[in-house]
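I opened this entry to keep track of what I looked up in one model. The notes go topic by topic.

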Amino acid sequence: MKLILKLLAGMAVGLLLGLYAPGPLLTLMLTFKGLFSQFIGFMIPLIIVFYIMSGIAALETGSGRMLGWTVGLAYASTILSGVLAFAAASTFLPQWLGEAAAVPAAADKLAPLFKLEIKPLFDVMTALMLAFVFGLGIAATGAARLREIADQGKDIVEMVLARVLVPLLPAYIACEFADMAAAGTAFATLKTFGVVLLMAIALHWLWLAALYGASGTLLGRNPLSLLRAMLPAYFTALGTMSSAATIPVALRSAGNMKVSPPVVNFVMPLCATIHLCGSTITLVSCATAVMLMTHGLEVPGWDVMLPFILLLGVTMVAAPGAPGGGVMSALGILSSVLGFPEASLALMIALYLAQDSFGTACNVAGDGVVALWVDRLVGRAPQPAGEAAVQRG
């Protein structure tokens, strides 16, 4: 919650500076924005490689059948939620936003003092393939030293995120909004933000209603009773923005749905890293809105968005524990698949972080449905030892 307040403060300060600050100060802000954007671009492939590699390698523990059903159901829920989000966003946002959505480019008179290009070690698709090959290889062979490298690399990247990237995000957003305010586009952007955020939250609730309604009906359970059992976990995640902090409450909530303890203890911590329906809804909805807002970008058809959603469900596996980790992991495919420029990526970060708590709450509440189905399909399988849980962003 503190990060959201800092983000809002950064937006407000950026608006004021963009309207009233002298030219030299704006130039310095644009210089910082350019350098920080280059650093983010450098970190994106490293985030993908180490987090996905470490996450896939860790999936070797536990019962194979239970693991397979958990991963399959979590991924299916994540993808279908993204499909719902794009169907709704592409249908309604152009009507609701209209011409007000289009935001012209920043003023040409504003320019940084200098530009520094920091090339990443490899592109996004290369990073994805590298993470898959070595992650699956480590899981299959039990390569202890490579797993240690993946885990330690993940720790280093997470430290950079927690101590550098995330703390500086409000300043980065302030610079972006100062640029937009100076160009006269900031207030139109803020109006669009409100519409998109309300739509994303409504889609979270719609998806949870669909999950619990369909599951309760098919499993012969009362959907309202099931949903009521998960409400403590939902509101805990809403307040903490942390799946890790919510895990104890989520375990109790799933137990209150009469899911067997071995399934609860296996599925709920694992889903904290792989079931990201709420985050996917937000990212797809916000991406559609940003494309409507950005000159030079057009909302693509299903031939582009479906592969994007499929990749999104993979790139956020074991997303960084810092708040906003989901959007940081997704920046690579937003740029490579949808062609987002630097300014659009900054808008995505701002939009995502503004609702991060609602996305996390949807993720956690949706985990209960996965546990229900795994319990029905697998039953009381052996409980794995030492299952780790991470925070979702």
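**Salt-bridge network**

I started with glutamate 176, which is buried at a relative accessible area of 3%. The model is predicted, and I read every value below as computed from it.

I then looked for the partner of glutamate 176. It forms a salt bridge with lysine 33, and the closest N and O atoms are 3.3 Å apart. The two residues come from distant parts of the chain: glutamate 176 sits in helix α5 (residues 144-183) and lysine 33 in helix α2, with their positions 143 residues apart.

Is lysine 33 buried or exposed? Lysine 33 is buried, because its relative accessible area of 8% falls under the 20% cut-off.

I checked lysine 33 for another acidic partner. Its side chain also meets that of aspartate 179 in a salt bridge, at 2.9 Å from N to O. Lysine 33 is in helix α2 and aspartate 179 in helix α5, so this pair ties together parts that are 146 residues apart in sequence. Aspartate 179 is buried too, with a relative accessible area of 8%. Through shared partners, the salt bridges join Lys33, Glu176 and Asp179 into one network.

How many salt bridges does the count give? It comes to two. As background, I noted that side chains of opposite charge can pair when their charged atoms come close.

**Overall fold**

I went on to the secondary structure. The protein chain has 14 helices and zero strands, so the pattern along the sequence is written with α throughout.

I looked up burial for the chain as a whole. Buried residues make up 54% of its 393 residues. The chain exposes about 15900 Å², and carbon and sulfur atoms supply 68% of that area.

I also looked at how far apart in sequence the contacting residues lie. Among contacts with a separation of 6 or more, 87% are between residues 24 or more positions apart.

**Nonpolar cores**

Which residues touch the most other members of the largest nonpolar core? They are Leu334 and Phe340, in a core of 122 residues. Helix α2 (residues 23-57) gives the most to this core, with 14 residues. I also found a second, separate core of five residues, and its members include Ala21, Leu26, Met29 and Cys175.

I listed the surroundings of phenylalanine 340, leaving aside neighbours within four places in sequence. Its contacts are Ala287, Val290, Met291, Leu297, Leu334, Ser335, Leu345 and Met348.

**Serine 81**

I looked up this residue as a separate item. Serine 81 lies in helix α3 (residues 64-97). Its relative accessibility is 0%, so it counts as buried. What does serine 81 touch, not counting residues up to four places away in sequence? I found Trp207, Cys277, Thr280 and Ile281.

**Surface patch**

My last item was nonpolar residues on the surface. Leu25, Leu28, Leu113, Phe114 and Leu116 form a nonpolar patch there, and together they have about 490 Å² of accessible area. Leucine 28 belongs to helix α2. I checked its exposure: leucine 28 is partly exposed, because its relative accessible area is 49% and exposed would need over 50%.

Note on methods
Residues are numbered from 1 along each chain as its sequence is written. This is a predicted model: local features need pLDDT of at least 70, side-chain atom pairs count only at pLDDT 80 or more; totals for chains, interfaces and linings use all residues. Side-chain values use heavy atoms; hydrogens and water are left out. A nonpolar core is a set of buried Ala, Val, Leu, Ile, Met, Phe, Trp, Tyr and Cys residues joined through side-chain atoms within 4.5 Å. Buried means under 20% relative accessible area, exposed over 50%, partly exposed in between (1.4 Å probe, protein chains only). Helices (H or I, at least four residues) and strands (E, at least two) are DSSP runs, numbered from the N terminus. Contact means heavy atoms within 4.5 Å. Patches are made of residues with over 30% relative accessible area and no salt bridge: like charges are joined within 9 Å, nonpolar side chains (Val, Leu, Ile, Met, Phe, Trp, Tyr) within 5 Å. Accessible areas come from the Shrake-Rupley method with a 1.4 Å probe; for residues, only the protein chains shown count as cover. A salt bridge is a side-chain nitrogen of Lys or Arg within 4 Å of a carboxyl oxygen of Asp or Glu.
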